Amino acid sequence: TSIFPLATGNKALGIVRVVFKQPGKQHDNQEMELAHAIVNIGAVGIQDALHLNTAEARASQLQLLGEIGREITSTLDVEAALENAMINTQKLLDVEACVLFLLDEQGEKLVLKASGGRRVRIRDVAIRLEEGIAGWVTRNQKPLIVNDVRTNPLYHSAIDGQTGLLTNSVLCVPMAQRDEVLGVIEAINHPNGAFGETDQQLLSSVAAWAAVALENANLFQRVAAERSKLEATLVETDDAVVLTDLSGNIMLINQTACQAFRINADEAVGQHAATVFMNNPLGELLGDNNIALPIRQEVTTPGDRTLHATISEISEVGKVVVMQDITAFKQIDRMRSQLLGTAAHDLKNPLNAIRLGADLLMEANLSDQQRKALNMMQRATDSMANLITSLLETIRVESTATLINEPCPVNDL
């Protein structure tokens with residue numbers, strides 16, 4: 001019997017015991033060298049097989065890690081995404097269970113939100129930041145490996161009672177975004193009893209993906225909340241409001257605008273503004289991207305209401321037009337013009353009579369003082385007549401002219 005070391009380089013793989021058929025026979029050096037060579041060839045083969053298995057396992061882990069990252073960041077259903085991520089992470093690390101804790105709104109407790117592997121009792125599971133391995137990782141923002149929890153003072157058996165797990169070894173990593181801890185992920189009970197650096201790197205990658213997904217979901221929720229507030233404001237306002245995208249398609253039209261232009265909101269949304277507001281200048285203003293904004297213009301509704309429209313640009317969104325009903329103001333303005341016109345005409349007739357009387361008196365035999373008084377009367381009546389004429393002309397221009405606000409070069413003024 002001969003024993004040979006099974007090794008490659010300085011790495012021992014095991015031993016090989018060679019038992020010869022003829023007991024007690026002495027073997028020469030040539031036979032021993034041949035046996036040793038065969039053992040060395042076998043060691044190389046075993047080493048290659050181990051490397052192949054390790055490479056295949058690593059490739060499989062990286063593929064599963066990529067799938068976890070894609071799945072967790074491609075949806076806004078964070079609860080389902082985190083649950084699936086923990087299930088896949090448990091498979092990735094081949095541990096008994098993976099659990100994910102998130103900080104509550106007060107930042108005082110860690111609440112279990114997702115788990116994978118062995119069934120975990122999720123209801124009412126919460127850990128104070130001063131307790132357990134998860135609390136320590138959250139406070140220190142550092143990963144922690146504990147391969148024998150019974151010897152670690154951070155371990156709290158009461159937490160196992162809450163989760164329903166019997167913990168022997170733990171790998172815990174923080175989930176952080178912009179130096180702010182959002183929670184932690186724990187891998188519980190390694191199949192070989194001890195977690196290593198590779199396990200920590202894999203779980204940290206999952207935690208990074210989860211933190212990005214949470215941040216994206218929180219950002220989306222904030223944007224959605226702000227958009228809901230804006231939409232509620234636009235919908236409930238008494239002004240007519242229309243919002244279009246960059247292509248001129250209607251994104252939002254409130255009830256006031258629908259009533260004013262006799263439009264069905266469900267049919268209008270998604271249609272081009274030029275189609276919805278056909279034969280109305282509003283359609284051209286909203287659909288033309290070459291118009292300099294903001295712009296103000298009066299538009300008329302099918303019900304002959306007059307609206308003062310202000311069209312503005314919203315960066316990376318499109319255009320918004322806010323229209324105020326000024327029909328009553330226009331009617332008051334017309335009444336004012338009519339009243340002033342009537343008063344001017346009524347004043348002009350007696351002034352003409354006064355002027356005619358003054359002209360006749362000038363032909364009489366008057367003293368210098370009387371003639372001076374008549375001249376003053378004539379000049380006064382002429383001034384009044386000119387003022388009335390100017391007033392009538394202003395009223396005529398206001399009633400017929402349409403003013404459009406347009407930018408113009410200062411040098412042309």
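## Working through the contacts

At 45% relative accessibility, Arg-128 falls in the partly exposed class, since that class runs between 20% and 50%. Keep in mind that this is a predicted model.

**Exercise 1. Find the partner of Arg-128 in a salt bridge, and say how exposed that partner is.**

Step 1: Look for a carboxyl oxygen within 4 Å of the side-chain nitrogen. Glu-131 fits, with its closest O atom 3.0 Å from an N atom of Arg-128.

Step 2: Check the surface. Glu-131 has a relative accessible area of 23%, so this residue is partly exposed.

**Exercise 2. Work out which parts of the chain are linked by the salt bridge between Glu-298 and Lys-330.**

Step 1: Confirm the contact. The N-to-O distance for Glu-298 and Lys-330 is 3.4 Å.

Step 2: Place the residues. Glu-298 sits in strand E11 (residues 295-300) and Lys-330 in helix H10 (residues 327-361), so the bridge joins distant parts of the chain, 32 residues apart.

Step 3: Glu-298 comes out at 41% relative accessibility, partly exposed, and Lys-330 at 29% is partly exposed too.

**Exercise 3. Do the same for Arg-305 and Asp-325.**

Step 1: Their closest N and O atoms are 3.0 Å apart, which makes a salt bridge.

Step 2: Arg-305 is in the loop between E11 and strand E12 (306-314), while Asp-325 belongs to strand E13 (residues 318-325); the two are 20 residues apart and link distant parts of the chain.

Step 3: Both ends are partly exposed, with Arg-305 at 38% and Asp-325 at 37%. The structure's total is three salt bridges.

**Exercise 4. Classify the aromatic pair.**

Step 1: The count is one aromatic pair. The ring centres of Phe-261 and Phe-277 are 5.1 Å apart, and their planes meet at 85 degrees, so call the pair edge-to-face.

Step 2: Phe-261 is in helix H6 (residues 255-261) and Phe-277 in the loop between helices H8 (273-276) and H9 (281-287), so the pair ties together parts 16 residues apart in sequence.

Step 3: Buried or exposed? Both Phe-261 and Phe-277 are buried.

**Exercise 5. Check the span of helix H2 (residues 78-93), then see what follows this helix.**

Step 1: H2 has 16 residues, and at 1.5 Å a residue they should span 22 Å. The expected span uses one less than the number of residues.

Step 2: The end C-alpha atoms of H2 are 22 Å apart, in agreement.

Step 3: Buried residues of H2 include Val-78, Ala-81, Leu-82, Ala-85 and Met-86. Right after H2 comes Asp-94, with a positive phi near 55 degrees.

Terms used:
Residues are numbered from 1 along each chain as its sequence is written. This is a predicted model: local features need pLDDT of at least 70, side-chain atom pairs count only at pLDDT 80 or more; totals for chains, interfaces and linings use all residues. Side-chain values use heavy atoms; hydrogens and water are left out. Helices (H or I, at least four residues) and strands (E, at least two) are DSSP runs, numbered from the N terminus. Buried means under 20% relative accessible area, exposed over 50%, partly exposed in between (1.4 Å probe, protein chains only). Rings of Phe, Tyr and Trp (its six-membered ring) pair if their centres lie within 6.5 Å; planes under 30 degrees apart count as stacked, over 60 as edge-to-face and the rest as tilted.
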